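Visitor: Hey, I've got a protein open on my screen and no idea where to look. Can you walk me through it?

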Amino acid sequence: MSMVRIAGFVPLRPTLALGLAHAVAVVAVSYSHYFLSPPSRQLWFWLELLVAGLVWWPASQYARNVLRPAFESLALTDRRWFVGIPVALGALTTAWWSGQFVDNLWIHQSNVRPFLQVVLAVGKIGVLAAGFAGLLALTVQICRFGPEAPDSVDRPTIPRPSLGAYLTFIVFLLAANLFVVWCIRSERIVYYWDYMNYWTRTAAFASEIRDHPPAEVWDHFRHGVQDDDYGPLPSLLPACVAAVFGGDRLVYVLAVTNLYLVAVAVAAVIFVRRFAPSGGTMATAIPLLGILFAATVWVPLLRGYLDIGGAALATLVLLVYLNRPAGGLRWTDVLSLSILLAAMALFRRWYCFSVVAFLLLAGIDTGFATVRGWVRHGWREGIRRAGPLALVGFWLNILVGVFATPWVRRVLTTDYADAYFAYKNLGSFGERVWAVVNNYGSIIVAAYILAFAVLAACRETRRVAFVVGGMPPVMLWHMLRTQDPGLHHCYLFLPAIVLLPSLLAARWLGGRPAVIRRSVVGVLAAWGVAAMAVMFVPEARPLYRYLRPAVSRLYCPPMTRNDLPEFARMLRAADDAAASTRRGRVTIVASSPTINQTMFKAADRSLQRPLFAENRVLYTTEVDRVNGFPLAVFEADVVVVAWPPQTHLRPEEQQSIVLAAERIHSGTGFGRAFDRLPGEFNLEGGVTVSLYRRERPIEPTDLNEFVEQLRKDHPTCTELFTPPPGIGKWPRER
């Protein structure tokens, strides 16, 4: 008996076809009411048998001519993956979209319905698994014909780490954790905007994990990934840590450090050791030093961003792709790359810049291999070399489209360059590029350029230099067309900034005497300590003028503010004023680092004492073209207004804040509907805050004047500033 028959595929092919036919029939009949009138109970079963009979022969041919050849071409261990991957994807997709479509099983009796629901779930898994298996069969068949190269040339074994490498990593881990503890323990601040966003989301997710049934947690998670630009995927692992150890700021930042930063470090070390096999301990020490002393690693992380996890995925993508010759990806590589790229896009949406840049550079790299194959061996060989990477793009679109359909629909219909125009500096293109360079420091950027040039000149590392080093310019150009990169967006460039100089240094130092290696590491460590000190330690800041422009321009000491007692007094007053109304809703007409609405949301968690109930906050518009009409100003019972008007972007892009503050502060226009409450609060920077309570309806002429002014300030998107009917006449609900 052949191995295929032992594996069970051939004897079970008729059974497989029959099962698939019935799976298609059950699913089709269960959702037929979307196209036809619901069938009767008896007709439901007859329709199921009829559809199964019609589908049986195509299902049999599908199993025989599509699935079987791919299955037989694989080794026994790969056959298990060939079966397991489609089944797993089918089950995950079924669970992912469960409850989104209504079946017609309600026509059956209650004692039969639970059994049929199980049958329907199995049927959906079977249909989806068969579809994924067909795509996988295509992938296997195309990748079978890819070029092979000697392992000794193209896929050398990654050397096992030495004791020195392990000790170096332990030192890195201790230094990173101690630095985090010092920074967070030194902070005295009310966190806000992105500095609090994922922290509060992670704490809320941790509470759900602890206190809610798994089904509710799963429902929240999948809906967030499907549609939310700030999806819960990055919060998942830190939330699991917070569910055990608590959700305070130190636990959160340490979780991000030990999960995501460590993942970046491990991926970088593996990458460098793969392409610098003779580097020894230097192949571990150099990339760890590059990460430990990189300003653009620590500033976003300490400010509460967890986006660095995407840099680990990006590094793994480069490792998987470059581990094979151009055009020689195996089917497992295609699946791995597709899953990693989809995870990047869903982890944080702006990592799509990295996905696009990788596919472009990898496409050019594969294109050269395709041309060479065509010239040397004919057009069939050229197509075979191009096929695997094309399949990566195909699988990527399938995975992202399946698991984030609403988000994909929104992306395809949104002009992000216009929506995020407020986040774009109006200077020249060169000035905007130089601002990004300054974030890293000229020495770091010079090291990247030098490493790119030297590695590109060497045949063994030319592909690595081209793909890894070519991505940052593409990403930067693409992003600057939409907005200027924020601090967390610098993680897009982190793999290239760390990997290329580390690879060059490890290859050069690998065969050098110990005294040279230790001296270089000592100099790099001393420089890194000095660069970090002038950036994070206030006492060391005077040394900055001696190190510029080599070090980063960033200055990010532990965040503190000197007006916390006054700020706390304002929070209590706003909470008391809201408590005296029936709904108790508050909105904040201010948007600056001194005062903004997210501070009210995170105040109790930041200061670790009850001052303001976060559920009182009604979020209002901060950026006109992003958020549209400031509805919350008209819905709230109490409005907090800062004077002078507080903005963090160009005022012309935040007119909903400026105009509302002017009218309420002066008691003109729609501001006549609000009465000022006793007392005022003086915050740092000469900002005065007052509380107002809505006491009367808003005149239509005053509302129209406000709306027309917003539309005049933004003539290209007037539709964003259309208030709902009757907004000015809403009664006070006290």
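Guide: Sure, let's begin at Gln 608, which sits in the loop between H27 and H28. Keep in mind that this is a predicted model.

Visitor: Okay, so is Gln 608 buried or exposed?

Guide: Gln 608 is exposed, because its relative accessible area is 62% and anything over 50% counts as exposed.

Visitor: And what about its phi?

Guide: Phi of Gln 608 is near 55 degrees, which is a positive value in a residue that isn't glycine. Trp 193 is not a glycine either, and its phi is also positive, at about 45 degrees.

Visitor: Where do I find Trp 193?

Guide: Look in the loop between helix H7 (163–186) and helix H8 (194–211).

Visitor: Back to that H27 loop. Which other residue could I click on there?

Guide: Try Thr 621, which lies in the loop between helix H27 (597–607) and helix H28 (624–627). Thr 621 counts as buried because its relative accessible area is 2%, and the cut-off for buried is under 20%.

Visitor: What does the side chain of Thr 621 reach?

Guide: The side chain reaches the backbone oxygen of Gly 628 at 2.7 Å. The backbone oxygen of Phe 629 is also reached by the Thr 621 side chain, at 3.2 Å.

Visitor: Which residues does Thr 621 touch, leaving out those up to four places away in sequence?

Guide: Thr 621 touches Asn 627, Gly 628, Phe 629 and Pro 630, plus Ser 656 and Ile 657.

Visitor: New topic: strands. How do E1 and E2 pair?

Guide: Strand E1 (residues 586–589) runs parallel to E2, and the pair is joined over four bridges. One bridge links Val 586 to Val 638 in E2.

Visitor: And how does E2 pair with E5?

Guide: That pairing is antiparallel: E2 and strand E5 (residues 687–694) share six bridges. Val 639, for instance, stands opposite Tyr 692 in E5.

Visitor: How many residues of E2 are buried?

Guide: Five of the six residues in E2 (residues 638–643) are buried, so the strand is mostly covered.

Visitor: What joins Trp 643 and Pro 644?

Guide: A cis peptide bond, with omega at about 0 degrees. Pro 644 itself belongs to the loop between E2 and helix H30 (655–666). Arg 548 and Pro 549 are joined by a cis peptide bond too, again with omega about 0 degrees. You'll find Pro 549 in the loop between helix H25 (544–547) and helix H26 (564–579).

Visitor: Now helices. Where does H3 bend?

Guide: Helix H3 (residues 41–72) bends by about 40 degrees at Trp 56, and Pro 58 follows within four residues.

Visitor: Which residues are buried in H3?

Guide: Among them are Trp 44, Glu 48, Ala 52 and Val 55, and further along Ala 59, Ala 63 and Leu 67. As background, residues three or four places apart in an α-helix point the same way, because there are 3.6 residues a turn.

Visitor: Zooming out, how many helices and strands are there?

Guide: The protein chain has 31 helices and five strands.

Visitor: How does its radius of gyration fit a compact globule?

Guide: It agrees: a compact globule with 734 residues would come near 27 Å, and this chain has 30 Å. The C-alpha trace spans about 90 × 85 × 50 Å along its principal axes.

Visitor: And how much of the chain is buried?

Guide: Of its 734 residues, 51% count as buried. The accessible surface comes to about 32800 Å², with 64% of that belonging to carbon and sulfur atoms.

How values were computed:
Residues numbered from 1 in each chain as written. Predicted model: local features only at pLDDT ≥ 70, side-chain atom pairs only at ≥ 80, totals over all residues. Heavy atoms only, no water. Bend = angle between axes of the 7 residues up to and from the residue. Helix = DSSP H or I, 4+ residues; strand = E, 2+ residues; numbered from the N terminus. Buried < 20%, exposed > 50% of the residue type's maximum accessible area, 1.4 Å probe, protein only. Pairing = 2+ DSSP bridges. Polar contact = N/O pair within 3.5 Å; in protein donor to acceptor, adjacent residues only side chain to side chain. Contact = heavy atoms within 4.5 Å. Rg over C-alpha atoms; globule rule 2.2 N^0.38 Å. Areas by Shrake-Rupley, 256 points an atom, 1.4 Å probe, with all protein chains shown as cover.
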